[in-house]
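Open the model in your viewer and keep the selection box ready. We will go stop by stop.

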Amino acid sequence: QVQLVESGGGLVQPGGSLRLSCEVSGFTLYYYAIGWFRQAPGKEREGVSCISSADGSFTYYSDSVKGRFTISRDNDVNTVYLQMNNLKPEDTAVYSCASTGFGGYDCDGNSSEYNHWGQGTQVTVAS
C-alpha cells in the first residue's frame, strides 16, 4: 500500500527552523518526484517545493519560500526532507507531501501532478 507520512512539524518562534520529513512506503522513492504543499485556514493549497526523481537534480521552490527552505532526498531511507529556516508567521499551515507518477522530473507546485498524498503535519510559527 502506498503511504506517505510526514513528521517534524510543531510550534516554533519567528526566525526559527524546522525540518520536515516525508517517509514513503509501498513504492521505491528513487523513481518518483516528491512535492511539499501547505494549506492555511481560509487559503488555497500552495505548492511549496518539489524534488525530481532519482538523484533530485531538479528542485522547485515557490517565491514565498525561496532562499529559506531547502528540499532534499535520501533514497536509501525512502525519505524526502524540507529544511525550513527563518520561519515567519505566514508559514503557518498544514504541510503535506505528495508523490508524482513514475519518472517525475521537472516537477512544480501544481497539485495536479501528484497522485498520492500524506495526511500532513502542522507547522505553527508564533511567539
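**Stop 1: a serine in a strand.** Select Ser 99, which sits in strand β9. Keep in mind that this is a predicted model. Is Ser 99 buried or exposed? Its relative accessible area is 2%, and buried means under 20%, so Ser 99 is buried.

Now show what surrounds Ser 99. Leaving out residues up to four places away in sequence, Ser 99 touches Leu 4, Phe 27, Ala 33, Ile 34, Glu 113, Tyr 114, Asn 115 and His 116. Select those residues together with Ser 99 and look at the contacts.

**Stop 2: from β9 to β11.** Select residues 93–102, which make up strand β9. Add β11, residues 121–125. Which way do these two strands pair? They pair in the antiparallel sense, over three bridges. To find one partnership, pick Ala 93: its bridge partner in β11 is Val 123.

**Stop 3: β11 and β2.** Keep β11 selected and add strand β2, residues 10–12. This pairing is parallel, again with three bridges. Find Val 12; opposite it in β11 stands Val 125.

**Stop 4: the two faces of β11.** Show the side chains of residues 121–125. They alternate along the strand. Thr 121, Val 123 and Val 125 point to one face and are buried. Gln 122 and Thr 124 point to the other face and are not buried.

**Stop 5: a patch on the surface.** Select Tyr 30, Tyr 31 and Phe 102. What do they form? They make a nonpolar patch on the surface, with about 360 Å² of accessible area together.

Zoom in on Tyr 31. It lies in the loop between β3 (18–25) and β4 (32–39). Its relative accessible area is 40%. The limits for partly exposed are 20% and 50%, so Tyr 31 counts as partly exposed.

**Stop 6: the whole chain.** Zoom out and color by secondary structure. How many helices and strands does the protein chain have? There are zero helices and 11 strands. The radius of gyration is 13 Å, close to the 14 Å that the globule rule gives for 127 residues, so the chain is as compact as a globular protein of that length.

Turn the C-alpha trace: along its principal axes it spans about 40 × 25 × 25 Å. Buried residues make up 44% of the 127 residues. Switch on the surface last. The accessible surface comes to about 6500 Å², and 43% of that belongs to carbon and sulfur atoms.

Note on methods: Residues numbered from 1 in each chain as written. Predicted model: local features only at pLDDT ≥ 70, side-chain atom pairs only at ≥ 80, totals over all residues. Heavy atoms only, no water. Patch = residues over 30% accessible without salt bridge, like charges linked within 9 Å, V, L, I, M, F, W, Y side chains within 5 Å. Areas by Shrake-Rupley, 256 points an atom, 1.4 Å probe, with all protein chains shown as cover. Salt bridge = Lys/Arg side-chain N within 4 Å of Asp/Glu carboxyl O. Helix = DSSP H or I, 4+ residues; strand = E, 2+ residues; numbered from the N terminus. Buried < 20%, exposed > 50% of the residue type's maximum accessible area, 1.4 Å probe, protein only. Pairing = 2+ DSSP bridges. Rg over C-alpha atoms; globule rule 2.2 N^0.38 Å. Contact = heavy atoms within 4.5 Å.
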